[in-house]
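Work through the exercises below with the sequence and the coordinates open. Try each task before reading its solution.

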Amino acid sequence: MNAAQVESFFATLKAANPHPSSELQYASVFELLAAVLLSAQATDVGVNKATRRLFVVAPSPQKMLALGEAGLIEHIKTIGLFRSKARHLMETCRLLIERHGGRVPRDRAALEALPGVGRKTANVVLNVAFGEPTLAVDTHIFRIGNRTGLAPGKTPLDVELKLLKRVPPHYLHDAHHWLILHGRYVCQARKPRCGECAVAAACGYADKAAA
């Protein structure tokens, strides 16, 4: 994908969805962090169903700790890997209080030092909560980066670093959302919906004519 195609790709996605947002439901930076931590290997729909009740009783690190690990598990037991996620979230709450005054830090290293928070989760928080021009490469973005020729790479970090170089600066803030939504609903894993794809003309997918 050349520079003109990259520009066309993102201009088209922006025209279709000028103000994209996360499909996770949250009302604060802490709730966003908790929701993203819980969303690993789970759907946003499933996470929202659990956090809709959880955040009513535990909207802060202090109240989450007061709920206790057993209480937290009762709220998130429908989410995959709920036991390890509960343990990580409780420890994260403790560290937020001890090290950051109960606030979510706006710093990659500090975020990644929290249990259960890796580079992808840190990127989501930095982008969505703090407006940083970061890209969280999940399975959808990794697939799109390779399939379309936008940012081929062998690892999520490879794809992330290439995207940061290739995405024009004026699209970078929202690129994360556009790519995830495109991968979730159009450029799907098993059978991409190329016939319905608005950016097919800019895409380098070799088999799109057959899709």
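## Exercise 1: Cysteines

Task: How many disulfides does the chain have, and what is the setting of C93 and C197?

Solution. The count comes to zero disulfides. Keep in mind that the model is a predicted one. Step one: take C197. The nearest cysteine sulfur is that of C194, 6.4 Å away. A disulfide needs the two sulfur atoms within 2.5 Å, so C197 is in no disulfide. Step two: check burial. The cut-off for buried is under 20% relative accessible area. C197 has 18%, so C197 counts as buried. C93 is buried as well, with a relative accessible area of 0%.

## Exercise 2: Overall fold

Task: Describe the secondary structure and the dimensions of the chain.

Solution. Start with the elements. There are ten helices and zero strands. The pattern along the sequence is therefore α-α-α-α-α-α-α-α-α-α. Next, the extent. The C-alpha trace spans about 55 × 30 × 30 Å along its principal axes. Now test the radius of gyration. For 211 residues, a compact globule would have a value near 17 Å. The chain has 18 Å, which agrees. Then look at burial and surface. Of the 211 residues, 48% count as buried. The accessible surface is about 10400 Å², and 56% of this surface belongs to carbon and sulfur atoms. Last, the contacts. Among those with a separation of 6 or more, 58% join residues 24 or more positions apart.

## Exercise 3: The nonpolar cores

Task: Which residues touch the most other members of the largest nonpolar core, and which helix gives the most to this core?

Solution. The largest nonpolar core has 37 residues. Those that touch the most other members are L54, M64, L72, I76, L89 and L111. Now assign the helices. At least two residues of this core come from each of α2 (29–38), α3 (44–57), α4 (61–76), α5 (82–100) and α7 (119–128). Helix α2 gives the most, with eight residues.

Zoom in on L89. Leave out neighbours within four places in sequence. L89 is then in contact with A34, L37, L38, M64 and L72. A second, separate core has 25 residues, including F10, V159, L172 and L179.

## Exercise 4: Two helices and their cover

Task: Which residues of α2 and α8 are buried, and what covers them?

Solution. Begin with α2. Nine of its ten residues are buried, so α2 is mostly covered. The buried ones are F30, E31, L32, L33, A34, A35, V36, L37 and L38. Their cover includes α3, α4, α5 and α7.

Move to α8, residues 139–147. Here H140, I141, R143, I144, G145 and R147 are buried. The cover of these residues includes α1 (3–16), α9 (156–166) and α10 (169–185). Then inspect both ends. At the start of α8, a side-chain oxygen of D138 comes to within 3.1 Å of the backbone nitrogen of H140. After α8 comes G149, with a positive phi near 90°.

## Exercise 5: A buried asparagine

Task: Is N123 buried or exposed, and what does its side chain contact?

Solution. First, place the residue: N123 lies in helix α7. Its relative accessible area is 1%, so N123 is buried. Next, look for a polar partner. The side chain of N123 makes a polar contact with the side chain of R108, at 2.6 Å. Finally, list the surroundings. Not counting residues up to four places away in sequence, N123 touches R108, T134, L135, A136 and E160.

## Exercise 6: Positive phi outside glycine

Task: What are the phi values of Q41 and L81, and where do these residues sit?

Solution. Recall the background: most residues other than glycine have a negative phi. Take Q41. Its phi is positive, about 55°, although Q41 is not a glycine. Q41 sits in the loop between α2 and α3. Its relative accessibility is 74%, so Q41 counts as exposed.

Take L81 next. Its phi is also positive, near 60°. L81 belongs to the loop between α4 and α5. With a relative accessible area of 47%, L81 is partly exposed. The cut-off explains this label, because exposed means over 50%.

Definitions and conventions:
Residues numbered from 1 in each chain as written. Predicted model: local features only at pLDDT ≥ 70, side-chain atom pairs only at ≥ 80, totals over all residues. Heavy atoms only, no water. Core = buried A, V, L, I, M, F, W, Y, C linked by side-chain atoms within 4.5 Å. Buried < 20%, exposed > 50% of the residue type's maximum accessible area, 1.4 Å probe, protein only. Helix = DSSP H or I, 4+ residues; strand = E, 2+ residues; numbered from the N terminus. Contact = heavy atoms within 4.5 Å. Polar contact = N/O pair within 3.5 Å; in protein donor to acceptor, adjacent residues only side chain to side chain. Rg over C-alpha atoms; globule rule 2.2 N^0.38 Å. Areas by Shrake-Rupley, 256 points an atom, 1.4 Å probe, with all protein chains shown as cover.
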